[in-house]
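Take a look at the sequence and the fold below. What can a walk from the whole chain down to single side chains tell us?

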Amino acid sequence: STTGATIHYTIDGTTPTASSKVYSKPVTVSYDQTLKALAVKDGRVNSSVTSSPFDVNIYGVKGAPAAVQFSVKSGTYLVGQTVTLSSATSGAVIHYTADWSEPTESSPIYKTPLNVSKTMTIKARAFITTLGSTYSSPVTGENYQIKGTVVQ
């Protein structure tokens, strides 16, 4: 409210100083961040720092989607396994690989449970696109060693 004061701000968690970015237009907050601001005017004592946390939640999406969960954990098995992949983020698309590579949006899309009938590593990542921006989960993976089949 001080006429002629300059507002400096940060959104990276640091405390703003007179050297921080100058507020001149609305600040875009695209993920969970805390906006901190400080008013500065020559000949006056700087204002106290104010802060406001922002919890970004656009259409139910909060930043990156939840990591992909595997129904069967890494291990050695006598028979093949049926593995289901899931993400707790509604609307996320899961991409996976079975060749040790990192999953990208070009990797196969998970649609049905995976039949693991031989030794392999499956890696997966969830992707979600909101308002033109795509977010991805961390890569998760499980290692399966299949030793053979059970004879009856």
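The paragraphs below go from the overall fold to individual residues and then to a pocket.

Start with the whole chain. This is a predicted model. The protein chain has zero helices and 13 strands. Read along the sequence, its pattern is β-β-β-β-β-β-β-β-β-β-β-β-β. Of its 152 residues, 30% count as buried. Now take the contacts with a separation of 6 or more. Residues 24 or more positions apart account for 51% of them.

Next, turn to strand β9, residues 93-97. Is β9 enclosed or open? Four of its five residues are buried, so β9 is largely enclosed by the rest of the structure. Its pairing can be traced too. β9 and strand β11, residues 120-130, run antiparallel and share five bridges. One place to see this is Val93, whose bridge partner in β11 is Phe127. In a regular strand, side chains alternate between the two faces of the sheet.

Stay on β11 and find Lys123. Is Lys123 buried or exposed? Its relative accessibility is 17%, and buried means under 20%, so this lysine counts as buried. What does its side chain meet? A polar atom of the Lys123 side chain lies 3.2 Å from the backbone oxygen of Trp100. The Lys123 side chain also makes a polar contact of 2.9 Å with the side chain of Glu102. The wider surroundings of Lys123 include several groups of residues. Leaving aside neighbours within four places in sequence, Lys123 is in contact with His95, Tyr96 and Thr97, among others. Trp100, Ser101, Glu102 and Pro103 are also among its contacts. So are Val139, Thr140 and Gly141.

Follow the Lys123 side chain to Trp100. This tryptophan sits in the loop between β9 and β10, the latter being residues 114-116. Is Trp100 buried or exposed? Its relative accessibility is 58%, and the cut-off for exposed is over 50%, so Trp100 counts as exposed. Its backbone deserves a look as well. Phi of Trp100 is near 75 degrees, a positive value in a residue other than glycine. Most residues other than glycine have a negative phi.

Past that loop comes strand β10, which holds Leu114. Leu114 is buried, with a relative accessible area of 11%. Which residues does it touch, not counting those up to four places away in sequence? They are Gln81, Thr82, Val83, Leu85, Tyr96 and Ile122. Thr84 offers a C-alpha distance to check. Leu114 and Thr84 are 30 residues apart in sequence, yet 6.5 Å apart in space, C-alpha to C-alpha.

Val72 picks up some of those names. It lies in the loop between β5 (69-70) and β6 (75-77). Although in a loop, Val72 is buried, with a relative accessible area of 13%. Beyond residues up to four places away in sequence, it touches Tyr77, Gln81, Thr82, Val83, Glu142 and Tyr144. Gln81, Thr82 and Val83 are thus listed for Val72 and also for Leu114. The C-alpha atoms of Val72 and Val83 are 5.7 Å apart, with their positions 11 residues apart in sequence.

Now move to the loop between β8 (85-86) and β9, where Ser87 lies. What does the Ser87 side chain reach? One of its polar atoms lies 2.9 Å from the backbone oxygen of Ala66. Leaving aside neighbours within four places in sequence, Ser87 is in contact with Pro65, Ala66, Ala67, Ala92, Ile94 and Ala126. Ser90 is found in that loop between β8 and β9 too. Ser90 counts as exposed, at 67% relative accessibility. Ser90 and Ala66 are 24 residues apart in sequence and 9.3 Å apart in space, C-alpha to C-alpha.

Finish with the largest pocket. How much space lies in it? The value is about 170 Å³. Its lining draws on Ser1, Thr2, Ala5 and Ile7, among others. Ala39, Val40 and Lys41 are lining residues too, as are Arg44, Val45, Asn46 and Ser47. By class, the lining has five nonpolar, four polar and two charged residues.

Key
Residues numbered from 1 in each chain as written. Predicted model: local features only at pLDDT ≥ 70, side-chain atom pairs only at ≥ 80, totals over all residues. Heavy atoms only, no water. Helix = DSSP H or I, 4+ residues; strand = E, 2+ residues; numbered from the N terminus. Buried < 20%, exposed > 50% of the residue type's maximum accessible area, 1.4 Å probe, protein only. Pairing = 2+ DSSP bridges. Polar contact = N/O pair within 3.5 Å; in protein donor to acceptor, adjacent residues only side chain to side chain. Contact = heavy atoms within 4.5 Å. 1 Å grid on protein atoms, 1.4 Å probe; cavity = no way out; pocket = protein on both sides within 12 Å on 5 of 7 lines; lining within 4 Å. Points joined across faces, edges and corners; volume = space filled by probe spheres on them. Nonpolar A, V, L, I, M, F, W, Y, C, P; charged D, E, K, R; others polar.
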